[in-house]
Amino acid sequence: MNKNVRKAIIAGNWKMNKTRPEAKTLLEELKPLVADVKGVEIVACVPFTNLETALAVTAGTNIKVGAENCHFEKSGAFTGEISADMLAEMGVEYVVLGHSERRQYFGETDETVNKRTKAALAAGLKPIVCVGELLWERECDITEEVIARQIKLDLFGISAEDAKKCTIAYEPVWAIGTGKTATAEQAEEVCAFIRAQLEKKYDKATADSMTIQYGGSMNAKNAEELVKKPNVDGGLIGGASLKAPDFTAIIKAAEAN
Ligand code: PEP
């Protein structure tokens with residue numbers, strides 16, 4: 001397994017945080033801290049209201065901008081929703097899909113995650129598709145079944161060529177925003193399992209080329225141990241992405257590993 005064949009991606013998921021002036025301040029602080037970073041794709045996934053600000057502040061830098069969701073239809077009577085085309089037209093590059101908070105609070109299912117992933121790909125966006133088990137599912141020893149099912153359903157009907165444009169974020173639900181990080185061994189075990197599922201579904205070259213992130217209370221202290229693992233190609237970071245020095249430390253850990 002050669003980590004050099006794929007891109008390390010550290011993406012911040014700001015969730016429902018930051019007004020426009022606050023977003024500008026955070027990104028202005030981050031820019032010089034990460035300006036010299038090489039070999040790591042840096043992404044800020046921000047609320048819809050901050051996209052324009054984020055795109056303007058990061059123009060010409062090594063920080064890419066992502067959204068936190070998109071709808072699966074191209075347009076129409078879907079009050080409150082944003083389409084993939086709307087994001088792509090703005091210059092947004094990435095989009096987080098199937099985050100556990102969307103699944104938990106907004107009725108997102110594997111079927112809608114699959115439809116959103118297809119819509120995002122059709123619009124030219126790079127989806128970050130989130131998968132992960134609940135604590136109860138881990139305790140019942142069905143983590144692998146849950147993950148295998150999510151990979152199958154979320155990527156249903158997606159070609160190998162399109163899958164290569166996707167990042168998979170392994171986010172054990174019990175570790176998100178709880179301060180309880182998976183151990184590096186647990187993260188590696190599931191990320192390796194995800195890669196094996198991708199190989200089964202596609203082929204080895206496709207699986208080896210796809211970025212698989214860990215997400216769940218990753219922070220400046222534990223990042224290095226996690227990203228050192230052979231199948232952990234970066235992270236999806238919630239809380240710690242809201243502080244420029246902490247997010248930078250995670251990015252630098254990925255750069256060194
Ligand atoms: C997330 O929102 O994807 C996440 C991993 O959050 P946190 O880092 O705060 O656990």
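These legends go with several close-up views of one predicted model.

Residues are numbered from 1 along each chain as its sequence is written, and side-chain values use heavy atoms, with hydrogens and water left out. In this predicted model, local features need pLDDT of at least 70 and side-chain atom pairs count only at pLDDT 80 or more, while totals for chains, interfaces and linings use all residues.

**View 1. Eight strands close into a barrel.**
Going round, the order is β1-β2-β3-β4-β5-β6-β7-β8, and the pairing is parallel. Helices (H or I, at least four residues) and strands (E, at least two) are DSSP runs, numbered from the N terminus. Two strands count as paired if DSSP finds at least two bridges between them. From one strand to the next the twist averages 30 degrees; such angles run from 0 to 180 degrees between N-to-C directions, with axes being lines fitted to C-alpha atoms, for helices over the stretch in contact. Look at β1 (residues 8-13) and β2 (residues 40-45): they run parallel and are joined by six bridges. One pair to pick out is G12 with its bridge partner A44 in β2.

**View 2. Strand β8 (residues 234-237) is joined by bridges to β1 and to β7.**
Four bridges link β8 to β1, and the two run parallel. Strand β7 (residues 212-215) also runs parallel to β8, with two bridges between them. Which residue of β8 is the bridge partner of I10? It's G235, and G235 is the bridge partner of Y214 as well. G234 and L236 point one way from β8, G235 and I237 the other way, and all are buried, meaning under 20% relative accessible area (exposed is over 50%, partly exposed in between; 1.4 Å probe, protein chains only).

**View 3. Strand β7 and its residue Y214.**
Here I212 and Y214 point one way while Q213 and G215 point the other, and all are buried. Strand β6 (167-170) runs parallel to β7, with three bridges joining them; A169 has Q213 as its bridge partner in β7. Setting aside neighbours within four places in sequence, Y214 is in contact with a long list of residues, including Y170, P172, L226, V232 and G235. Contact here means heavy atoms within 4.5 Å.

**View 4. The largest nonpolar core has 70 residues.**
A nonpolar core is a set of buried Ala, Val, Leu, Ile, Met, Phe, Trp, Tyr and Cys residues joined through side-chain atoms within 4.5 Å. Which members touch the most others? They are I168, I194, L198 and Y214. Helix α9 (residues 184-201) gives the most to this core, with seven residues. Apart from it lies another core, of ten residues, among them I128, C130, A169 and L236. As a general point, nonpolar side chains tend to be buried together in soluble globular proteins.

**View 5. Helix α7 (residues 143-154) crosses α9.**
The two axes come within 10 Å and cross at roughly 40 degrees, which makes α7 oblique to α9. On this scale, angles under 35 degrees count as roughly parallel, over 145 as roughly antiparallel, 65 to 115 as roughly perpendicular and the rest as oblique. The crossing is right-handed, meaning that the near helix is turned clockwise from the far one by less than a right angle (anticlockwise would be left-handed). T143, E144, I147, A148 and I151 in α7 meet V190, F193, I194, Q197 and L198 in α9. Helix α7 also lies across β5 (126-131) and β6, running at about 150 degrees to β5.

**View 6. Helix α5 (residues 110-122) packs on α7.**
Their axes are 8 Å apart, at an angle of about 45 degrees, so α5 is oblique to α7. On the α5 side you'll find D110, V113, N114 and T117, which meet R149, Q150, L153 and D154 in α7.

**View 7. Helix α2 (residues 51-58) is largely enclosed by the rest of the structure, because six of its eight residues are buried.**
The buried ones are L51, T53, A54, L55, V57 and T58. Their cover includes α1 (20-34), β3 (63-67) and α3 (84-90). Just after α2, G60 takes a positive phi of about 75 degrees.

**View 8. K165 sits in the loop between α8 (160-163) and β6.**
Is K165 buried or exposed? Neither quite: it's partly exposed, with a relative accessible area of 40%. Neighbours within four places in sequence aside, K165 is in contact with L121, K126 and P127.
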